[in-house]
2 protein chains.
Amino acid sequence: MVKPVWSFSLSAKLDLFAAFADIARALGNAHRLDLLEHLAQGEKSVEALAGKAGLTVANASQHLQALRRVGLVVGERRGKQVVYRITEDDVLDLVAALRRVGERHTNAVKVVVGDYFQARDSLDAVGFAALEQMVTDGLATILDVRPADEFADGHIPGALSIPLTELKVRLDEVPTGLEVVAYCRGPWCVLAFEAVALLREQGRLAKRLEGGLPEWRRAGLPVATP
Amino acid sequence: MVKPVWSFSLSAKLDLFAAFADIARALGNAHRLDLLEHLAQGEKSVEALAGKAGLTVANASQHLQALRRVGLVVGERRGKQVVYRITEDDVLDLVAALRRVGERHTNAVKVVVGDYFQARDSLDAVGFAALEQMVTDGLATILDVRPADEFADGHIPGALSIPLTELKVRLDEVPTGLEVVAYCRGPWCVLAFEAVALLREQGRLAKRLEGGLPEWRRAGLPVATP
DNA sequence: CCATCAATCAAGAGAGTTCTTGAATGAACG
DNA sequence: CGTTCATTCAAGAACTCTCTTGATTGATGG
């Protein structure tokens, strides 16, 4: 009974790999990665996610179901709404691993980064430990440039909340003399890039944080929710 | 000039996410995950990979190009052959992260594991540190059940090579009195599951190693290549 | 219990993926 | 320099994915 072992093994292996492949395919769409980034800020309703991701509600619902089908997110009925959240932290680790491979390997990322970011800011991001040091030394202001509702759901303690859309007209609220460290939803969140570019145009000393709030939380650092 | 910032940001973000999504989609096929597992054992030609994965050469070539297009593998012409290898270790980390999410989340994995493995062995796998302790204490034999060519390309020092297909007729080569720890290509490689099942049917004390050779190597542990 | 609102379902057009088959490269070697 | 062998390319049939539209479900609140 040697043959059965082989045929059995092959199909079992492919069944397993097919299950893993289903998960990978669920990640294989830009809108779904976007939805995951928004969910990484905190749980949200379908309608809220659709708005933030720029999708119709029906379309967002279908994408969320694709993510739910493979266990990346869970949805819970809460009154009239269905609130989705990321199932567990290892999902964030998976997306982070995907991002790391993408940063190094893909030409597309290099092109995008080159075209859009390199001219503006790009390289010098501040690490979490460095930021904490700068803050305790009184050298830096932390600036959260996400929309106000996301700030309200959780932010880095002591951070100043000025959504990017309002930054230009609220520049006077940013303390002068200190370096500004801007952060946003994640390592590639464009809001932080934009904020740094805008602040530098105004002659301020500004850098972006190398990760966003989900990475900060995942690193076990304190999150404030006032 | 506030509006342009937004439209710019949105498209830049989606471009980036589309690049990451391309990588995820390249992982989103059972055969390609299989090819990656074989490549994790060591570099291989298209024909060798096609044979091991049970694909036609043309089909294997197309899958490998899909992996190469997103930078997961690189191909190098070497005489008549093109030899592929995994680009860098972070690709292994990505696949490992995918597997971890799959192990916990997906029903399909639970079903497959339940159907195929749980009855046979399943739970008690030996960790790397535990194995090293058992070997220094003289309590265990390490058994490599992969095909001979993969053993030749690198294996755990001191391991005995008996491919699964030959295990039944070469049982007498396995030392008695010691516990047998079988390993294979990776955490879900069915060869090791099968080997443990077969050994236990023969009344031997057998467990599987919790990872395969790529995980062993990735952990910085020594690999022998005689 | 009927109106309302959030979310999901269903169906279909258009685009992309997968595998097969047979032809085309391109290096090696007599 | 023509043959051989490994690999890649090209085209097409079958299937899957994505987004839109309009209908349906399910909870809430007058």
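A polar side-chain atom of B:Gln62 lies 3.4 Å from a base oxygen of DNA strand C. That is a polar contact, meaning a pair of N or O atoms within 3.5 Å; within protein, one must be able to donate a hydrogen and the other to accept it, and residues adjacent in sequence count only if both atoms are side-chain atoms.

Before I go on, the ground rules. This is a predicted model, in which local features need pLDDT of at least 70 and side-chain atom pairs count only at pLDDT 80 or more, while totals for chains, interfaces and linings use all residues. Residues are numbered from 1 along each chain as its sequence is written, chains are lettered from A and ligands numbered from 1 in the order in which they are written, and side-chain values use heavy atoms, with hydrogens and water left out.

Staying with DNA strand C: it has 24 residues around it, and the nearest are A:Glu47, A:Ser61, A:Gln65, A:Tyr84 and B:His63. Near means that a heavy atom of the residue lies within 4 Å of the strand. What share of the strand C atoms within 4 Å of the protein belongs to sugar or phosphate? It is 82%, and the rest belong to bases. On the phosphate side, a polar side-chain atom of A:Gln65 is 2.3 Å from a phosphate oxygen, and a polar backbone atom of A:Val46 is 3.2 Å from a phosphate oxygen.

Which element gives the largest share of this surface? Helix 4 of chain A, with 6 residues. Helices (H or I, at least four residues) and strands (E, at least two) are DSSP runs, numbered from the N terminus. The surface near strand C divides into 6 nonpolar, 12 polar and 6 charged residues. Here Ala, Val, Leu, Ile, Met, Phe, Trp, Tyr, Cys and Pro count as nonpolar, Asp, Glu, Lys and Arg as charged, and the others, Gly among them, as polar.

Now DNA strand D. It is surrounded by 24 residues, with A:His63, B:Glu47, B:Ser61, B:Gln65 and B:Tyr84 the closest. Sugar or phosphate accounts for 79% of the strand D atoms within 4 Å of the protein. The side chain of A:Gln62 has an N or O atom 3.4 Å from a base oxygen of strand D. B:Tyr84 places a polar side-chain atom 3.0 Å from a phosphate oxygen, and B:Lys80 has one 3.5 Å from a sugar or linking oxygen. Helix 4 of chain B gives the most to this surface, 5 residues.

That helix also packs against helix 3 of chain B, at an angle of about 105° and with the axes 9 Å apart. Axes are lines fitted to C-alpha atoms, for helices over the stretch in contact, and angles run from 0 to 180 degrees between N-to-C directions. The angle makes the two helices roughly perpendicular, the class for 65 to 115 degrees; under 35 counts as roughly parallel, over 145 as roughly antiparallel, and the rest as oblique.

Last, the two protein chains. In contact (heavy atoms within 4.5 Å) are 60 residues of chain A and 60 residues of chain B. About 5400 Å² is buried between them, and carbon and sulfur atoms give 74% of that. Buried area is the accessible area (1.4 Å probe) that two parts lose on being put together, summed over both. A:Leu16, A:Phe17 and A:Phe20 supply 12% of what chain A buries against chain B, more than any other three residues.
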